[in-house]
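Trainee: Could you take me slowly through one part of this model, the open sheet of four strands, and then show me how that part sits within the rest of the protein?

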Amino acid sequence: MIEIKNLTKKFGKLNVLHDVSLSCKKGECIALIGPNGCGKTTLIKTILGMVLPDSGFIKFNKKSIVKEYLYRSSIGYMPQIGRYPDTMTIGGVVEMIKAIRNTNEELDEELWHSFELDKMANKQMRTLSGGTTQKVSATLAFLFNPDVLILDEPTAGLDPLASEILKDKIIKEKEKGKLILITSHLLSELDDLVTEIIFMQEGNIHFHKKVDDLKTETNETKISKAIASILKQKK
């Protein structure tokens, strides 16, 4: 579904992505992890067309994304920190995005109701806690029933109940055959969710493995311990 080949990006003299190649398929829930500054965010923004690579290419459903934009309507994106107009209400933000998208497709409002945002639709965005703002971002990411979901630290700031609601939703969408990319520093949150791990380091893909293979190779049952074991072996 998403094919990345020999992707390179520099900001000035800083090499952020080095010859990155990846293949991400339908029905997979993939964790994109690595230390701060390793290139995760730049890679995500390149997939979204927000950053232009210096070389290499990205294909979405076998078509190059160069000079294209319609493919983005097939992607739901949840940023780590959502930024919305301060004086708009929750309901106003959602209605604004609906108007911008202007689609006749059936909307997925499950999170809108599960997070009980419908009961606080008149609250202004500037009054919201970080966790409630995250709920708005999650709702918008899933709202248009996209084929691909890119979720940047999705459970950060969420209370335990909201976190479980979101994780259940992610599992449900994965089972529908969607491709889901998740960045997270909370590896314990990923055990029940992900099928593959991409570990980035200094702009390179350190490894891309299926979770089951990773656990078998390391004889570990937890993703965090399996990754730690792999990294120790690589030193």
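Mentor: Before we count anything, we need one definition: two strands are said to pair if DSSP finds at least two bridges between them. Please also keep in mind that this is a predicted model, and that the protein averages a pLDDT of 93, with 99% of the residues scoring at least 70.

With that definition in hand, we can begin at strands S1 and S2, which run antiparallel and are joined by seven bridges. One place to look is Ile2, which stands opposite Cys24 in S2. The two strands form a hairpin with two residues between them, and in this hairpin Gly12 takes a positive phi near 65 degrees.

Strand S1 also pairs with S4, again in the antiparallel sense, and here the pairing runs over five bridges; if you look for Lys5, you will find that its bridge partner in S4 is Phe57. Strand S4, which covers residues 55-60, pairs in turn with S5 over two bridges, also in the antiparallel sense, and Phe60 stands opposite Lys63 in S5.

Putting these pairings together, we obtain an open sheet of four strands in the order S2-S1-S4-S5, with antiparallel pairing. Strand S2 (14-24) and strand S5 (63-64) stand at the edges, and because each has a single partner strand, one side of each is left without a neighbour in the sheet. Helix H1, made of residues 40-47, packs on this sheet and touches strand S1 (2-11), S2 and S4, while its direction makes about 120 degrees with that of S1.

Now let us step back to the surroundings, where the protein as a whole has seven helices and ten strands. Another open sheet, this one of six strands, has the order S6-S7-S8-S3-S9-S10 and mixed pairing. At its edges stand strand S6 (75-78) and strand S10 (204-210), each with a single partner strand, so one side of each is left without a neighbour in the sheet. Neighbouring strands of this six-stranded sheet are turned by 15 degrees against each other on average, if direction is ignored.

Within that sheet, strand S3 (residues 29-33) and strand S8 (residues 179-183) pair in the parallel sense over four bridges, and Ala31 stands opposite Ile182 in S8. Helix H6 packs on the sheet as well, touching strand S9 (196-201) and S10, and its direction makes about 90 degrees with that of S10. Helix H5, residues 160-175, lies across S3, S6, strand S7 (148-152) and S8, and runs at about 145 degrees to S8.

Helix H6 (residues 211-218) deserves a closer look, since we can ask which of its residues are buried: they are Val211, Leu214 and Thr218. Seen down the axis of H6, these buried residues fall within an arc of 60 degrees, so they line one face of the helix. The face of H6 turned away from the buried side carries the exposed residues Asp212 and Thr216, and just after the helix Asn219 takes a positive phi of about 60 degrees.

Finally, for the protein as a whole, buried residues make up 47% of the 235 residues. A compact globule with 235 residues would have a radius of gyration near 18 Å, and the protein has 18 Å, which agrees.

How values were computed: Residues are numbered from 1 along each chain as its sequence is written. This is a predicted model: local features need pLDDT of at least 70, side-chain atom pairs count only at pLDDT 80 or more; totals for chains, interfaces and linings use all residues. Side-chain values use heavy atoms; hydrogens and water are left out. Contact means heavy atoms within 4.5 Å. Axes are lines fitted to C-alpha atoms, for helices over the stretch in contact, and angles run from 0 to 180 degrees between N-to-C directions. pLDDT is the predictor's confidence in each residue, from 0 to 100. Buried means under 20% relative accessible area, exposed over 50%, partly exposed in between (1.4 Å probe, protein chains only). The arc is that of the directions from the helix axis to the C-beta atoms. The radius of gyration is taken over C-alpha atoms; the globule rule is 2.2 Å times the number of residues to the power 0.38.
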